[in-house]
Amino acid sequence: MVLLWIGFGLVILIMILLIIKAKNTSKYDYVRINLFCKNCGVQTNGLKCPRCETR
C-alpha cells in the first residue's frame, strides 16, 4: 500500500513538472530533427552518421 502512495506521488509530481514546462515554452517552439549530417551532408534521418561515427 505504501508503494502505491509513493507511485501516486511520483505521477502527480511528474504531471506538475510537465504542466509547468508546457506553460513556460512558447507556442511557436517546435522540435527539430536534422535529416542530414552537419559535417559531411549524408542523409541520416535523425540517426548518427555512419561516415563520421567511425572517424
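Helices here are DSSP runs of at least four residues and strands are runs of at least two, numbered from the N terminus. On that basis, this predicted model comes out with 2 helices and 0 strands. The radius of gyration of the protein is 20 Å, well over the 10 Å that the globule rule gives for 55 residues, so the protein is more spread out than a compact globule. The C-alpha trace tells its own part of the story, spanning about 55 × 30 × 15 Å along the principal axes.

Next comes the surface. Of the 55 residues in the protein, buried ones make up 7%. The exposed area adds up to about 5600 Å², and carbon and sulfur atoms supply 65% of that. One piece of this surface is a nonpolar patch of about 780 Å², put together by Met-1, Leu-4, Trp-5, Phe-8, Ile-12, Ile-16 and Ile-20. Trp-5, one of the patch residues, sits in helix 1. With a relative accessibility of 57%, Trp-5 counts as exposed, because the cut-off for that label is over 50%.

Then there is the loop. Helix 1 covers residues 2–24 and helix 2 covers residues 50–53, and Gly-41 has its place in the loop between them. At 42% relative accessibility, Gly-41 counts as partly exposed. Gly-41 and Arg-51 are 10 residues apart along the chain, and their C-alpha atoms are separated by 10.0 Å.

That leaves the cysteines. A disulfide is a covalent bond between the sulfur atoms of two cysteines. So how many disulfides does a search of the whole structure find? The search comes back with 0. For Cys-37, the closest cysteine sulfur belongs to Cys-52, and at 3.7 Å it is too far for a bond. For Cys-49, the closest cysteine sulfur is in Cys-40, and the 3.5 Å between the two sulfurs is again too far for a bond. The cut-off matters for both pairs, because a disulfide calls for cysteine sulfur atoms within 2.5 Å.

Are Cys-37 and Cys-49 buried or exposed? Cys-37 has a relative accessibility of 14% and counts as buried. Cys-49 is buried as well, with a relative accessible area of 8%. Both get that label because buried means under 20% relative accessible area.

Definitions and conventions: Residues are numbered from 1 along each chain as its sequence is written. This is a predicted model: local features need pLDDT of at least 70, side-chain atom pairs count only at pLDDT 80 or more; totals for chains, interfaces and linings use all residues. Side-chain values use heavy atoms; hydrogens and water are left out. The radius of gyration is taken over C-alpha atoms; the globule rule is 2.2 Å times the number of residues to the power 0.38. Buried means under 20% relative accessible area, exposed over 50%, partly exposed in between (1.4 Å probe, protein chains only). Accessible areas come from the Shrake-Rupley method with a 1.4 Å probe; for residues, only the protein chains shown count as cover. Patches are made of residues with over 30% relative accessible area and no salt bridge: like charges are joined within 9 Å, nonpolar side chains (Val, Leu, Ile, Met, Phe, Trp, Tyr) within 5 Å. A salt bridge is a side-chain nitrogen of Lys or Arg within 4 Å of a carboxyl oxygen of Asp or Glu.
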